[in-house]
Amino acid sequence: LILYFIFRSYASPFNKSILYSFSILDLTWEQKAATVFKLLSWYLSKLFVPYSIFLMWSTPFVKSGVGPWIAGGLSIIGSLFMVGRWILTRNGYFHVIARSPEGATKSLDFARDCPKDGEPVEPQSDAPKEIASSPTGTRNDEGLSMRVSSSWKKRSDTRMMITFLLWFALGLTPIAAGAFVTPYVGGLIEPHWFVFATVGFFAAAAALIQMLPSIRWRNATAALIVSVLMLLSWRNNFLWSNEIAYYEAWLKDAPQFKAVHYFLGMAYVRKGEFDKAYPELEQTILGRYKDWMVYLELGQIDLKRRDLVRAEKNIMSAYQLESKHSGVLNAVGALHYKWGKLEEAKKFFERSIASNPGNLEPYMNLASYYKKMNEPQKAAEMYREILKINPQFTTAREALRPLAQLSVEGNQQPPLSVER
């Protein structure tokens, strides 16, 4: 557990930026605790009903009605403590009472008196003679020996159970810091933070099943739990098989989480449904949250729509936030190309290639520029560069064929034009 705690402390996103975000939040300690417990309740509910599990889940900070959430969180902590105490007491973790056939009793301390199976037992001066020792030096009360052996096994099972409960509780610690990593979206939780906690939970459940009195009960209980969890999680297949349905369900579960609007908008972009994508992307940047990727996607849709006014607004907003990204530089070049500022466009295309030589779009745009400037040899060179990077790019291969023919025939062709 110590090694696990060290690992979690190292792997958890508990750094200066999070500490800073945590310190500047306009929340009382009670409100922060209530927010953490609200997020924790969502995670725990998915352990018992594994449905509608999403990549991340967010909730507004709890600023009113903190009492019930704090009470619920303390109840969870108290329940873990009570379960542990009940297990210790039920299984006689600290001592077992040995009883002779005549009714005399003797308290056996496990650390001192409980033997391992087959080991001799030393007589105790204050123990009744009937349970002290036989002439051969072994216990003559077989019933007592069986009870002690059973209690010894219970002690081992109890140790395992308590270890798993501690493992589970310790695995919940990342939520205390991670919940406030992005304060502009409210309290945040990501289920993958709790991989180790989930392992501890189900391991503890298995250890608890192992404590049932008979193997039939243990097998039947395990089979029932596994079957129920399979049926409940099986429903997720229908949700996860369609990304748009998945994002819509995610929005329904966490409507204030703006990032889901971006995911949904990009799903519509991939399907070519730009009219549906645009409002979802716009939802992402409402309020104080600004993201250059969202502005870039909006600007590219505007270029496809030939709405240069909105394209300028969105693309230049992306450029102000991120001026070195290859995609942003290419979009600024495309905007200048649409304006007819071809030399400025060329500069941005070249900067885009320098930023990321693997990005094929600026090569395509430079080829269009050279065709526009009646330089087919240079346009052909751009297509060849594309095919070096991706030999399967059929668009570049088809565009190269007529240019290669023109290069063979010489420069007697009329000026080339491009419609984009």
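**Exercise 1. The largest pocket**

Determine how much space lies in the largest pocket of this predicted model, and describe which residues and helices line the pocket.

*Solution.* Begin with the volume: the largest pocket holds about 590 Å³ of space. Next, turn to the lining, which is made up of 23 residues, and note that Phe48, Phe201, Ala204, Ala205 and Leu208 are the ones that lie nearest the centre of the pocket. Then assign the lining to secondary structure: at least two residues each are supplied by α3 (29-48), α4 (66-90), α5 (142-171), α7 (195-210) and α8 (215-234), and the largest share, eight residues, comes from α7. Finally, sort the lining by class, which gives 20 nonpolar and three polar residues, with no charged residues.

**Exercise 2. Helices α10 and α11**

Work out how helix α10 (residues 243-253) is oriented against helix α11 (residues 258-270), and state which residues meet.

*Solution.* The axes of α10 and α11 come within 9 Å and cross at roughly 160 degrees. Since angles over 145 degrees count as roughly antiparallel, α10 is roughly antiparallel to α11. The handedness of the crossing of α10 and α11 is left-handed. On the side of α10, the residues involved are Glu243, Ile244, Tyr247, Glu248, Trp250 and Leu251, and they meet Val260, His261, Phe263, Leu264, Ala267, Tyr268 and Arg270 in α11. Classifying the residues of this contact yields nine nonpolar, one polar and three charged.

**Exercise 3. Helices α15 and α16**

Establish the relative direction of helix α15 (residues 326-339) and helix α16 (residues 342-355), and give the composition of their contact.

*Solution.* Start from the geometry, in which the two axes come within 8 Å and cross at roughly 165 degrees; α15 and α16 are therefore roughly antiparallel to each other. Their crossing is left-handed. From α15 the contact draws on Ser326, Leu329, Asn330, Val332, Gly333, Ala334, His336 and Tyr337, and from α16 on Leu342, Glu344, Ala345, Phe348, Phe349, Arg351, Ser352 and Ser355. By class, the residues of the contact of α15 with α16 comprise eight nonpolar, six polar and two charged.

**Exercise 4. Helices α17 and α18**

Describe the packing of helix α17 (residues 361-372) on helix α18 (residues 376-389), and identify the classes of residue in the contact.

*Solution.* Take the angle and the separation together: α17 and α18 pack at about 165 degrees, and their axes are 7 Å apart. That angle makes α17 roughly antiparallel to α18, and the crossing of α17 and α18 is left-handed. In the contact, α17 contributes Tyr363, Met364, Leu366, Ala367, Tyr370 and Lys371, while α18 contributes Lys378, Ala379, Met382, Tyr383, Glu385, Ile386 and Ile389. The last step is the division by class, which gives 10 nonpolar, no polar and three charged residues for the contact of α17 with α18.

Note on methods: Residues numbered from 1 in each chain as written. Predicted model: local features only at pLDDT ≥ 70, side-chain atom pairs only at ≥ 80, totals over all residues. Heavy atoms only, no water. Axes fitted to C-alpha atoms, helices over the stretch in contact; angles between N-to-C directions. Helix = DSSP H or I, 4+ residues; strand = E, 2+ residues; numbered from the N terminus. Parallel < 35°, antiparallel > 145°, perpendicular 65-115°, else oblique. Left-handed = near helix turned anticlockwise from the far one by under 90°. Contact = heavy atoms within 4.5 Å. Nonpolar A, V, L, I, M, F, W, Y, C, P; charged D, E, K, R; others polar. 1 Å grid on protein atoms, 1.4 Å probe; cavity = no way out; pocket = protein on both sides within 12 Å on 5 of 7 lines; lining within 4 Å. Points joined across faces, edges and corners; volume = space filled by probe spheres on them.
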